[in-house]
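I opened the notebook to look at how a protein and its DNA meet. My entries follow the structure.

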Number of protein chains: 2
Amino acid sequence: MTDTDSSPTLERKRGSGVKMVYDLLRDEILDLVLPPGSPIDEVQLAERFKMSRTPIREALVRLAGEGLIDTLPNRSTMVSSIDFLNMHTFFDALVLMYRVTTRLAAQHHRAEDLQIIRARQAEFAAAVQAQDALAMIATNAAFHSAIAEAGRNAYFIGLFNRLLDEGRRMLRLYYQSYGDQLPQRFVDEHEDMITVISARDVEAADQLAKVHAEQIVTQIKRLFTRDERLDIAL
Amino acid sequence: MTDTDSSPTLERKRGSGVKMVYDLLRDEILDLVLPPGSPIDEVQLAERFKMSRTPIREALVRLAGEGLIDTLPNRSTMVSSIDFLNMHTFFDALVLMYRVTTRLAAQHHRAEDLQIIRARQAEFAAAVQAQDALAMIATNAAFHSAIAEAGRNAYFIGLFNRLLDEGRRMLRLYYQSYGDQLPQRFVDEHEDMITVISARDVEAADQLAKVHAEQIVTQIKRLFTRDERLDIAL
DNA sequence: TGTATTTTATTTGTCGACAAGAAATCGACA
DNA sequence: TGTCGATTTCTTGTCGACAAATAAAATACA
(Lines give C-alpha, C1' and ligand atoms only; values in the text may rest on other atoms or scores of the structure.)
Protein backbone atom coordinates (compact mmCIF):
# COMPACT_ATOMS: atom_id res chain seq x y z
CA MET A 1 0.00 0.00 0.00
CA THR A 2 2.96 2.31 0.50
CA ASP A 3 4.74 1.61 -2.78
CA THR A 4 4.94 4.07 -5.63
CA ASP A 5 1.68 2.66 -6.91
CA SER A 6 0.09 3.60 -10.22
CA SER A 7 0.52 7.25 -11.12
CA PRO A 8 4.09 8.58 -10.88
CA THR A 9 3.66 12.31 -11.32
CA LEU A 10 -0.08 12.48 -10.91
CA GLU A 11 -1.49 15.85 -11.88
CA ARG A 12 -4.79 16.54 -10.26
CA LYS A 13 -7.11 19.23 -11.43
CA ARG A 14 -7.15 22.09 -9.01
CA GLY A 15 -10.37 21.68 -7.10
CA SER A 16 -10.89 17.97 -7.61
CA GLY A 17 -8.84 16.69 -4.71
CA VAL A 18 -11.28 17.56 -1.97
CA LYS A 19 -14.24 16.21 -3.89
CA MET A 20 -12.43 12.98 -4.60
CA VAL A 21 -11.49 12.33 -1.00
CA TYR A 22 -14.89 13.53 0.18
CA ASP A 23 -16.76 11.21 -2.15
CA LEU A 24 -14.56 8.23 -1.44
CA LEU A 25 -14.53 8.71 2.29
CA ARG A 26 -18.28 9.17 2.25
CA ASP A 27 -18.78 5.96 0.34
CA GLU A 28 -16.43 4.06 2.60
CA ILE A 29 -18.31 5.30 5.65
CA LEU A 30 -21.75 4.50 4.24
CA ASP A 31 -20.62 1.07 3.05
CA LEU A 32 -19.11 0.37 6.46
CA VAL A 33 -15.71 -0.14 4.92
CA LEU A 34 -14.96 2.34 7.66
CA PRO A 35 -17.19 1.13 10.47
CA PRO A 36 -18.39 3.48 13.21
CA GLY A 37 -15.56 4.39 15.53
CA SER A 38 -12.85 4.00 12.92
CA PRO A 39 -10.11 6.55 13.45
CA ILE A 40 -9.59 9.05 10.67
CA ASP A 41 -5.97 10.06 10.42
CA GLU A 42 -5.32 13.17 8.39
CA VAL A 43 -1.67 12.55 7.60
CA GLN A 44 -2.39 8.95 6.71
CA LEU A 45 -5.03 10.10 4.24
CA ALA A 46 -2.66 12.77 3.00
CA GLU A 47 0.01 10.31 2.00
CA ARG A 48 -2.60 7.86 0.74
CA PHE A 49 -3.89 10.43 -1.73
CA LYS A 50 -0.49 12.04 -2.18
CA MET A 51 -1.66 15.49 -1.29
CA SER A 52 -1.33 17.98 1.52
CA ARG A 53 -3.38 17.84 4.68
CA THR A 54 -5.25 21.01 3.74
CA PRO A 55 -7.65 19.54 1.16
CA ILE A 56 -8.05 16.45 3.33
CA ARG A 57 -9.06 18.70 6.15
CA GLU A 58 -11.65 20.49 4.05
CA ALA A 59 -13.23 17.20 3.10
CA LEU A 60 -13.34 16.18 6.76
CA VAL A 61 -14.98 19.45 7.74
CA ARG A 62 -17.68 18.78 5.19
CA LEU A 63 -18.22 15.25 6.40
CA ALA A 64 -18.39 16.50 9.96
CA GLY A 65 -21.03 18.98 8.84
CA GLU A 66 -23.15 16.09 7.64
CA GLY A 67 -22.61 14.23 10.89
CA LEU A 68 -20.74 11.36 9.28
CA ILE A 69 -17.63 11.88 11.38
CA ASP A 70 -17.10 13.23 14.88
CA THR A 71 -14.20 15.49 15.73
CA LEU A 72 -12.74 15.52 19.20
CA PRO A 73 -11.01 18.90 19.52
CA ASN A 74 -7.23 18.66 19.55
CA ARG A 75 -7.45 14.94 19.86
CA SER A 76 -8.82 12.71 17.18
CA THR A 77 -11.56 12.34 14.62
CA MET A 78 -13.46 9.15 13.91
CA VAL A 79 -16.43 7.80 12.03
CA SER A 80 -19.61 8.70 13.90
CA SER A 81 -21.48 5.93 15.62
CA ILE A 82 -24.92 4.77 14.62
CA ASP A 83 -27.40 5.95 17.20
CA PHE A 84 -29.46 2.89 17.97
CA LEU A 85 -30.86 4.40 21.12
CA ASN A 86 -32.74 7.06 19.19
CA MET A 87 -33.56 4.86 16.27
CA HIS A 88 -37.27 5.60 16.66
CA THR A 89 -36.63 9.25 15.81
CA PHE A 90 -34.94 8.07 12.65
CA PHE A 91 -37.95 5.96 11.75
CA ASP A 92 -40.35 8.79 12.47
CA ALA A 93 -38.47 11.07 10.15
CA LEU A 94 -38.02 8.41 7.52
CA VAL A 95 -41.71 7.52 7.32
CA LEU A 96 -42.72 11.15 7.15
CA MET A 97 -40.24 11.91 4.39
CA TYR A 98 -41.32 8.86 2.44
CA ARG A 99 -44.87 10.15 2.54
CA VAL A 100 -44.13 13.79 1.84
CA THR A 101 -41.75 13.21 -1.04
CA THR A 102 -44.08 10.71 -2.70
CA ARG A 103 -46.97 13.11 -2.30
CA LEU A 104 -45.04 15.95 -3.86
CA ALA A 105 -43.82 13.73 -6.66
CA ALA A 106 -47.42 12.92 -7.53
CA GLN A 107 -48.13 16.63 -7.58
CA HIS A 108 -45.14 18.12 -9.34
CA HIS A 109 -43.43 15.44 -11.39
CA ARG A 110 -42.72 15.93 -15.07
CA ALA A 111 -42.33 13.41 -17.83
CA GLU A 112 -38.57 13.22 -17.57
CA ASP A 113 -38.79 12.51 -13.85
CA LEU A 114 -40.79 9.36 -14.47
CA GLN A 115 -38.16 8.10 -16.88
CA ILE A 116 -35.50 8.43 -14.21
CA ILE A 117 -37.71 6.84 -11.57
CA ARG A 118 -38.48 3.91 -13.83
CA ALA A 119 -34.81 3.45 -14.58
CA ARG A 120 -34.05 3.30 -10.84
CA GLN A 121 -36.87 0.85 -10.34
CA ALA A 122 -35.45 -1.36 -13.07
CA GLU A 123 -32.09 -1.34 -11.33
CA PHE A 124 -33.74 -2.21 -8.05
CA ALA A 125 -35.68 -5.07 -9.64
CA ALA A 126 -32.45 -6.36 -11.16
CA ALA A 127 -30.76 -6.28 -7.78
CA VAL A 128 -33.61 -8.23 -6.24
CA GLN A 129 -33.49 -10.70 -9.09
CA ALA A 130 -29.75 -11.13 -8.58
CA GLN A 131 -30.24 -11.47 -4.82
CA ASP A 132 -27.54 -8.83 -4.40
CA ALA A 133 -28.42 -7.43 -0.99
CA LEU A 134 -26.02 -4.50 -1.08
CA ALA A 135 -27.19 -3.50 -4.53
CA MET A 136 -30.76 -3.67 -3.26
CA ILE A 137 -29.98 -1.20 -0.52
CA ALA A 138 -28.29 1.22 -2.88
CA THR A 139 -30.83 1.00 -5.70
CA ASN A 140 -33.77 1.20 -3.34
CA ALA A 141 -32.37 4.40 -1.88
CA ALA A 142 -31.73 5.73 -5.38
CA PHE A 143 -35.30 4.94 -6.37
CA HIS A 144 -36.82 6.89 -3.53
CA SER A 145 -34.29 9.67 -3.91
CA ALA A 146 -35.41 10.02 -7.53
CA ILE A 147 -38.99 10.31 -6.36
CA ALA A 148 -37.97 13.01 -3.93
CA GLU A 149 -36.21 14.88 -6.72
CA ALA A 150 -39.42 14.80 -8.73
CA GLY A 151 -41.15 16.43 -5.77
CA ARG A 152 -38.84 19.44 -6.23
CA ASN A 153 -38.59 20.56 -2.64
CA ALA A 154 -34.92 21.07 -1.81
CA TYR A 155 -35.54 21.03 1.93
CA PHE A 156 -37.26 17.67 1.89
CA ILE A 157 -34.76 16.30 -0.61
CA GLY A 158 -31.92 17.27 1.70
CA LEU A 159 -33.35 15.68 4.79
CA PHE A 160 -34.51 12.61 2.94
CA ASN A 161 -31.14 11.94 1.37
CA ARG A 162 -29.58 12.30 4.75
CA LEU A 163 -31.97 9.77 6.18
CA LEU A 164 -31.37 7.39 3.31
CA ASP A 165 -27.65 7.63 3.95
CA GLU A 166 -28.10 6.79 7.60
CA GLY A 167 -30.41 3.95 6.66
CA ARG A 168 -27.82 2.68 4.23
CA ARG A 169 -25.38 2.31 7.10
CA MET A 170 -27.87 0.53 9.33
CA LEU A 171 -29.02 -1.85 6.63
CA ARG A 172 -25.49 -2.60 5.59
CA LEU A 173 -24.76 -3.53 9.16
CA TYR A 174 -27.54 -6.04 8.99
CA TYR A 175 -26.93 -7.43 5.56
CA GLN A 176 -23.31 -8.10 6.14
CA SER A 177 -24.16 -10.17 9.18
CA TYR A 178 -26.76 -12.24 7.40
CA GLY A 179 -27.37 -13.10 3.80
CA ASP A 180 -31.01 -12.24 3.70
CA GLN A 181 -32.82 -10.59 0.83
CA LEU A 182 -35.56 -8.07 0.60
CA PRO A 183 -38.80 -9.59 -0.62
CA GLN A 184 -40.13 -9.34 -4.11
CA ARG A 185 -43.06 -7.53 -2.57
CA PHE A 186 -41.11 -4.29 -2.48
CA VAL A 187 -40.67 -4.44 -6.22
CA ASP A 188 -44.40 -4.66 -6.71
CA GLU A 189 -45.07 -1.84 -4.30
CA HIS A 190 -42.60 0.31 -6.15
CA GLU A 191 -44.51 -0.39 -9.34
CA ASP A 192 -47.73 0.67 -7.65
CA MET A 193 -46.09 3.86 -6.48
CA ILE A 194 -44.98 4.70 -10.00
CA THR A 195 -48.52 4.12 -11.19
CA VAL A 196 -50.20 6.44 -8.71
CA ILE A 197 -47.49 9.08 -9.12
CA SER A 198 -47.92 9.18 -12.87
CA ALA A 199 -51.69 9.28 -12.34
CA ARG A 200 -51.10 12.28 -10.04
CA ASP A 201 -53.22 10.62 -7.37
CA VAL A 202 -51.83 12.43 -4.37
CA GLU A 203 -53.79 10.70 -1.64
CA ALA A 204 -53.13 7.25 -3.03
CA ALA A 205 -49.43 8.10 -3.29
CA ASP A 206 -49.41 9.20 0.31
CA GLN A 207 -51.16 6.08 1.50
CA LEU A 208 -48.90 3.81 -0.52
CA ALA A 209 -45.79 5.52 0.74
CA LYS A 210 -47.08 5.22 4.28
CA VAL A 211 -47.63 1.48 4.23
CA HIS A 212 -44.46 0.96 2.24
CA ALA A 213 -42.37 2.90 4.71
CA GLU A 214 -43.95 1.40 7.78
CA GLN A 215 -43.45 -2.04 6.39
CA ILE A 216 -39.77 -1.38 5.90
CA VAL A 217 -39.52 0.10 9.37
CA THR A 218 -41.21 -2.82 11.08
CA GLN A 219 -39.01 -5.23 9.19
CA ILE A 220 -35.86 -3.41 10.21
CA LYS A 221 -37.11 -3.15 13.77
CA ARG A 222 -37.74 -6.86 13.87
CA LEU A 223 -34.27 -7.57 12.59
CA PHE A 224 -32.63 -5.38 15.18
CA THR A 225 -34.70 -6.29 18.19
CA ARG A 226 -34.28 -10.02 17.73
CA ASP A 227 -30.55 -9.63 17.38
CA GLU A 228 -28.84 -8.54 20.56
CA ARG A 229 -25.40 -8.73 19.06
CA LEU A 230 -25.95 -5.37 17.46
CA ASP A 231 -26.05 -3.70 20.84
CA ILE A 232 -22.31 -3.93 21.11
CA ALA A 233 -21.87 -1.79 18.02
CA LEU A 234 -23.42 1.12 19.81
CA MET B 1 -9.04 49.84 11.30
CA THR B 2 -5.46 48.85 10.53
CA ASP B 3 -3.87 50.29 13.65
CA THR B 4 -2.65 48.17 16.52
CA ASP B 5 -6.15 48.34 17.95
CA SER B 6 -7.14 46.92 21.31
CA SER B 7 -5.32 43.68 21.97
CA PRO B 8 -1.59 43.85 21.30
CA THR B 9 -0.60 40.21 21.48
CA LEU B 10 -4.04 38.69 21.41
CA GLU B 11 -3.87 35.06 22.39
CA ARG B 12 -6.78 33.07 21.06
CA LYS B 13 -7.61 29.67 22.39
CA ARG B 14 -6.64 27.05 19.91
CA GLY B 15 -9.91 26.02 18.35
CA SER B 16 -11.92 29.12 19.05
CA GLY B 17 -10.99 31.12 15.99
CA VAL B 18 -13.09 29.20 13.52
CA LYS B 19 -16.10 29.17 15.79
CA MET B 20 -15.84 32.88 16.37
CA VAL B 21 -15.70 33.78 12.71
CA TYR B 22 -18.34 31.17 11.89
CA ASP B 23 -20.78 32.48 14.48
CA LEU B 24 -20.21 36.10 13.63
CA LEU B 25 -20.41 35.60 9.90
CA ARG B 26 -23.53 33.52 10.33
CA ASP B 27 -25.20 36.21 12.39
CA GLU B 28 -24.22 38.90 9.93
CA ILE B 29 -25.69 36.88 7.10
CA LEU B 30 -28.94 36.09 8.88
CA ASP B 31 -29.33 39.70 10.04
CA LEU B 32 -28.69 40.89 6.50
CA VAL B 33 -25.72 42.93 7.65
CA LEU B 34 -24.25 40.96 4.81
CA PRO B 35 -27.09 40.99 2.28
CA PRO B 36 -27.39 38.30 -0.38
CA GLY B 37 -24.73 38.69 -3.01
CA SER B 38 -22.20 40.30 -0.71
CA PRO B 39 -18.67 39.23 -1.61
CA ILE B 40 -16.79 37.27 1.02
CA ASP B 41 -13.08 37.99 0.85
CA GLU B 42 -10.90 35.52 2.70
CA VAL B 43 -7.82 37.69 3.08
CA GLN B 44 -9.94 40.63 4.16
CA LEU B 45 -11.51 38.49 6.87
CA ALA B 46 -8.09 37.15 7.76
CA GLU B 47 -6.67 40.56 8.54
CA ARG B 48 -9.92 41.64 10.15
CA PHE B 49 -9.66 38.82 12.67
CA LYS B 50 -5.88 38.87 12.69
CA MET B 51 -5.51 35.24 11.84
CA SER B 52 -4.45 33.11 8.94
CA ARG B 53 -6.67 32.25 6.02
CA THR B 54 -6.84 28.62 7.07
CA PRO B 55 -9.34 28.95 9.94
CA ILE B 56 -11.30 31.49 7.91
CA ARG B 57 -11.53 28.95 5.16
CA GLU B 58 -12.81 26.26 7.49
CA ALA B 59 -15.56 28.55 8.71
CA LEU B 60 -16.52 29.32 5.12
CA VAL B 61 -16.65 25.64 4.22
CA ARG B 62 -19.05 25.11 7.09
CA LEU B 63 -21.24 28.01 6.05
CA ALA B 64 -21.25 26.71 2.50
CA GLY B 65 -22.35 23.35 3.84
CA GLU B 66 -25.38 25.02 5.33
CA GLY B 67 -26.09 26.85 2.12
CA LEU B 68 -25.53 30.28 3.58
CA ILE B 69 -22.78 31.16 1.13
CA ASP B 70 -22.10 30.10 -2.43
CA THR B 71 -18.61 29.34 -3.65
CA LEU B 72 -17.69 29.86 -7.27
CA PRO B 73 -14.68 27.58 -7.85
CA ASN B 74 -11.44 29.47 -8.31
CA ARG B 75 -13.31 32.70 -8.50
CA SER B 76 -15.21 34.17 -5.62
CA THR B 77 -17.54 33.37 -2.77
CA MET B 78 -20.55 35.37 -1.75
CA VAL B 79 -23.60 35.33 0.47
CA SER B 80 -26.22 33.07 -1.07
CA SER B 81 -29.31 34.66 -2.50
CA ILE B 82 -32.77 34.17 -1.10
CA ASP B 83 -34.72 31.93 -3.43
CA PHE B 84 -38.00 33.74 -3.89
CA LEU B 85 -38.91 31.68 -6.92
CA ASN B 86 -39.18 28.51 -4.87
CA MET B 87 -40.60 30.18 -1.82
CA HIS B 88 -43.58 27.85 -1.84
CA THR B 89 -41.29 24.89 -1.16
CA PHE B 90 -40.00 26.78 1.83
CA PHE B 91 -43.51 27.34 3.08
CA ASP B 92 -44.46 23.71 2.57
CA ALA B 93 -41.52 22.58 4.61
CA LEU B 94 -42.05 25.22 7.25
CA VAL B 95 -45.69 24.36 7.85
CA LEU B 96 -44.95 20.67 8.04
CA MET B 97 -42.12 21.19 10.50
CA TYR B 98 -44.26 23.46 12.61
CA ARG B 99 -46.83 20.70 12.86
CA VAL B 100 -44.46 17.81 13.38
CA THR B 101 -42.32 19.47 16.02
CA THR B 102 -45.33 20.69 17.98
CA ARG B 103 -46.85 17.22 17.82
CA LEU B 104 -43.69 15.61 19.10
CA ALA B 105 -43.34 18.22 21.81
CA ALA B 106 -46.80 17.33 23.06
CA GLN B 107 -45.75 13.70 23.11
CA HIS B 108 -42.24 13.77 24.50
CA HIS B 109 -41.74 16.99 26.42
CA ARG B 110 -40.51 16.97 30.01
CA ALA B 111 -41.04 19.46 32.77
CA GLU B 112 -37.80 21.33 32.13
CA ASP B 113 -38.71 21.77 28.47
CA LEU B 114 -41.84 23.69 29.36
CA GLN B 115 -39.84 26.05 31.51
CA ILE B 116 -37.60 26.91 28.58
CA ILE B 117 -40.55 27.25 26.22
CA ARG B 118 -42.34 29.56 28.62
CA ALA B 119 -39.21 31.66 28.99
CA ARG B 120 -38.99 32.03 25.21
CA GLN B 121 -42.64 32.93 25.04
CA ALA B 122 -42.11 35.62 27.66
CA GLU B 123 -39.31 37.07 25.58
CA PHE B 124 -41.51 37.02 22.52
CA ALA B 125 -44.35 38.74 24.35
CA ALA B 126 -41.93 41.38 25.57
CA ALA B 127 -40.72 41.99 22.04
CA VAL B 128 -44.30 42.39 20.83
CA GLN B 129 -45.02 44.73 23.70
CA ALA B 130 -41.97 46.80 22.84
CA GLN B 131 -42.92 46.75 19.14
CA ASP B 132 -39.37 45.63 18.39
CA ALA B 133 -39.84 43.89 15.06
CA LEU B 134 -36.39 42.36 14.84
CA ALA B 135 -36.62 41.03 18.37
CA MET B 136 -39.99 39.53 17.47
CA ILE B 137 -38.45 37.61 14.62
CA ALA B 138 -35.63 36.29 16.75
CA THR B 139 -37.70 35.42 19.81
CA ASN B 140 -40.45 33.84 17.75
CA ALA B 141 -37.89 31.59 16.08
CA ALA B 142 -36.37 30.78 19.47
CA PHE B 143 -39.79 29.89 20.84
CA HIS B 144 -40.55 27.39 18.13
CA SER B 145 -37.01 26.09 18.20
CA ALA B 146 -37.47 25.34 21.90
CA ILE B 147 -40.65 23.43 21.09
CA ALA B 148 -38.75 21.43 18.50
CA GLU B 149 -36.07 20.62 21.07
CA ALA B 150 -38.75 19.30 23.39
CA GLY B 151 -39.83 16.98 20.59
CA ARG B 152 -36.40 15.34 20.74
CA ASN B 153 -36.02 14.39 17.11
CA ALA B 154 -32.62 15.55 15.90
CA TYR B 155 -33.58 15.21 12.24
CA PHE B 156 -36.61 17.45 12.54
CA ILE B 157 -34.75 19.85 14.79
CA GLY B 158 -32.03 20.21 12.20
CA LEU B 159 -34.34 20.91 9.29
CA PHE B 160 -36.57 23.17 11.33
CA ASN B 161 -33.72 25.34 12.57
CA ARG B 162 -32.51 25.62 9.03
CA LEU B 163 -35.92 26.78 7.91
CA LEU B 164 -36.16 29.24 10.77
CA ASP B 165 -32.81 30.69 9.73
CA GLU B 166 -33.96 31.13 6.18
CA GLY B 167 -37.18 32.66 7.42
CA ARG B 168 -35.20 35.01 9.58
CA ARG B 169 -33.50 36.37 6.49
CA MET B 170 -36.73 36.77 4.58
CA LEU B 171 -38.55 38.45 7.43
CA ARG B 172 -35.64 40.72 8.11
CA LEU B 173 -35.77 41.79 4.52
CA TYR B 174 -39.36 42.80 5.04
CA TYR B 175 -39.11 44.39 8.43
CA GLN B 176 -36.25 46.63 7.50
CA SER B 177 -38.27 48.03 4.67
CA TYR B 178 -41.34 48.72 6.73
CA GLY B 179 -41.94 49.28 10.40
CA ASP B 180 -44.78 46.89 10.82
CA GLN B 181 -45.37 44.67 13.81
CA LEU B 182 -46.66 41.19 14.26
CA PRO B 183 -50.08 41.12 15.83
CA GLN B 184 -50.78 40.37 19.44
CA ARG B 185 -52.72 37.39 18.16
CA PHE B 186 -49.53 35.39 17.79
CA VAL B 187 -48.81 35.81 21.47
CA ASP B 188 -52.19 34.34 22.35
CA GLU B 189 -51.73 31.45 19.94
CA HIS B 190 -48.39 30.72 21.49
CA GLU B 191 -50.06 30.55 24.87
CA ASP B 192 -52.60 28.11 23.49
CA MET B 193 -49.83 25.98 22.08
CA ILE B 194 -48.11 25.83 25.45
CA THR B 195 -51.38 24.77 27.01
CA VAL B 196 -52.07 21.89 24.66
CA ILE B 197 -48.44 20.77 24.74
CA SER B 198 -48.39 20.58 28.51
CA ALA B 199 -51.73 18.76 28.37
CA ARG B 200 -50.10 16.31 25.94
CA ASP B 201 -53.00 16.76 23.55
CA VAL B 202 -51.26 15.68 20.38
CA GLU B 203 -54.06 16.29 17.92
CA ALA B 204 -54.90 19.69 19.31
CA ALA B 205 -51.21 20.61 19.17
CA ASP B 206 -51.05 19.54 15.56
CA GLN B 207 -54.13 21.51 14.64
CA LEU B 208 -52.96 24.61 16.46
CA ALA B 209 -49.55 24.45 14.84
CA LYS B 210 -51.20 24.04 11.47
CA VAL B 211 -53.37 27.13 11.65
CA HIS B 212 -50.59 29.10 13.32
CA ALA B 213 -48.12 28.23 10.61
CA GLU B 214 -50.51 28.77 7.75
CA GLN B 215 -51.48 32.08 9.16
CA ILE B 216 -47.88 33.20 9.27
CA VAL B 217 -47.32 31.90 5.77
CA THR B 218 -50.31 33.70 4.30
CA GLN B 219 -49.27 36.89 6.00
CA ILE B 220 -45.75 36.67 4.63
CA LYS B 221 -47.08 35.78 1.23
CA ARG B 222 -49.33 38.81 1.27
CA LEU B 223 -46.44 41.03 2.22
CA PHE B 224 -44.26 39.78 -0.58
CA THR B 225 -46.83 39.57 -3.34
CA ARG B 226 -48.08 43.10 -2.83
CA ASP B 227 -44.59 44.47 -2.89
CA GLU B 228 -42.91 44.20 -6.25
CA ARG B 229 -39.81 45.96 -5.10
CA LEU B 230 -38.62 42.78 -3.51
CA ASP B 231 -38.35 41.13 -6.88
CA ILE B 232 -35.16 43.00 -7.56
CA ALA B 233 -33.48 41.34 -4.63
CA LEU B 234 -33.77 38.03 -6.36
C1' DT C 1 -13.17 52.56 -33.60
C1' DG C 2 -14.02 47.80 -32.66
C1' DT C 3 -12.20 43.25 -31.85
C1' DA C 4 -8.85 39.75 -30.75
C1' DT C 5 -4.78 38.72 -28.02
C1' DT C 6 -1.45 39.26 -24.64
C1' DT C 7 -0.37 40.90 -20.07
C1' DT C 8 -1.38 42.02 -15.46
C1' DA C 9 -3.79 41.52 -11.22
C1' DT C 10 -6.62 39.42 -7.93
C1' DT C 11 -8.41 35.52 -5.59
C1' DT C 12 -8.52 30.88 -4.59
C1' DG C 13 -6.35 26.18 -3.79
C1' DT C 14 -2.42 23.75 -2.11
C1' DC C 15 1.79 23.00 0.23
C1' DG C 16 5.36 22.22 3.88
C1' DA C 17 6.49 23.49 8.41
C1' DC C 18 5.79 24.72 13.09
C1' DA C 19 3.34 25.04 17.56
C1' DA C 20 -0.20 23.73 20.89
C1' DG C 21 -2.88 20.29 23.28
C1' DA C 22 -3.75 15.91 25.02
C1' DA C 23 -2.69 11.13 25.69
C1' DA C 24 0.75 7.69 26.45
C1' DT C 25 5.11 6.51 28.32
C1' DC C 26 8.59 6.62 31.52
C1' DG C 27 10.65 7.35 35.91
C1' DA C 28 11.04 8.85 40.73
C1' DC C 29 9.54 8.02 45.16
C1' DA C 30 6.99 6.09 48.93
C1' DT D 1 4.45 -2.48 43.93
C1' DG D 2 1.52 1.45 43.31
C1' DT D 3 0.94 6.31 42.52
C1' DC D 4 2.09 10.78 41.18
C1' DG D 5 4.59 13.77 38.17
C1' DA D 6 7.60 14.84 34.26
C1' DT D 7 8.65 13.78 29.58
C1' DT D 8 7.85 12.12 25.21
C1' DT D 9 4.96 11.28 21.35
C1' DC D 10 1.32 11.80 18.39
C1' DT D 11 -2.37 14.40 16.30
C1' DT D 12 -4.49 18.50 15.35
C1' DG D 13 -4.70 23.65 14.52
C1' DT D 14 -2.44 27.52 12.50
C1' DC D 15 0.71 29.96 9.72
C1' DG D 16 3.14 32.16 5.72
C1' DA D 17 4.23 31.38 1.09
C1' DC D 18 3.65 29.75 -3.55
C1' DA D 19 1.04 28.17 -7.73
C1' DA D 20 -3.01 27.83 -10.55
C1' DA D 21 -7.16 29.73 -12.47
C1' DT D 22 -9.91 33.31 -13.67
C1' DA D 23 -11.17 38.10 -14.55
C1' DA D 24 -9.71 42.61 -15.76
C1' DA D 25 -6.70 45.61 -18.18
C1' DA D 26 -3.74 46.81 -21.68
C1' DT D 27 -2.04 46.34 -26.20
C1' DA D 28 -1.95 45.13 -31.13
C1' DC D 29 -4.27 45.00 -35.30
C1' DA D 30 -7.74 45.64 -38.88
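**Protein and DNA strand D**

I started with the atoms of DNA strand D within 4 Å of the protein: 61% belong to sugar or phosphate, and the rest to bases. The model is predicted, so I noted the limits: local features need pLDDT of at least 70, side-chain atom pairs count only at pLDDT 80 or more, and totals for chains, interfaces and linings use all residues. Residues are numbered from 1 along each chain as its sequence is written, chains are lettered from A and ligands numbered from 1 in the order written, and side-chain values use heavy atoms, with hydrogens and water left out.

Next I looked up the residues near strand D (a heavy atom within 4 Å of it). There are 19 around DNA strand D, and A:Arg53, A:Arg57, B:Arg14, B:Ser52 and B:Arg75 come nearest. I sorted the residues of this surface: nine are charged (Asp, Glu, Lys, Arg), four nonpolar (Ala, Val, Leu, Ile, Met, Phe, Trp, Tyr, Cys, Pro) and six polar (the others, Gly among them).

Then I checked polar contacts (a pair of N or O atoms within 3.5 Å). A polar backbone atom of B:Ser52 lies 2.5 Å from a phosphate oxygen of strand D. A side-chain N or O atom of A:Asp41 is 3.5 Å from a phosphate oxygen of strand D. A:Arg14 places a polar side-chain atom 3.4 Å from a base nitrogen of the strand.

Which helix gives the largest share of the surface near DNA strand D? H3(B) does, with three residues. I define helices as DSSP runs of H or I, at least four residues, numbered from the N terminus.

Conventions: A polar contact is a pair of N or O atoms within 3.5 Å; within protein, one must be able to donate a hydrogen and the other to accept it, and residues adjacent in sequence count only if both atoms are side-chain atoms. Helices (H or I, at least four residues) and strands (E, at least two) are DSSP runs, numbered from the N terminus.
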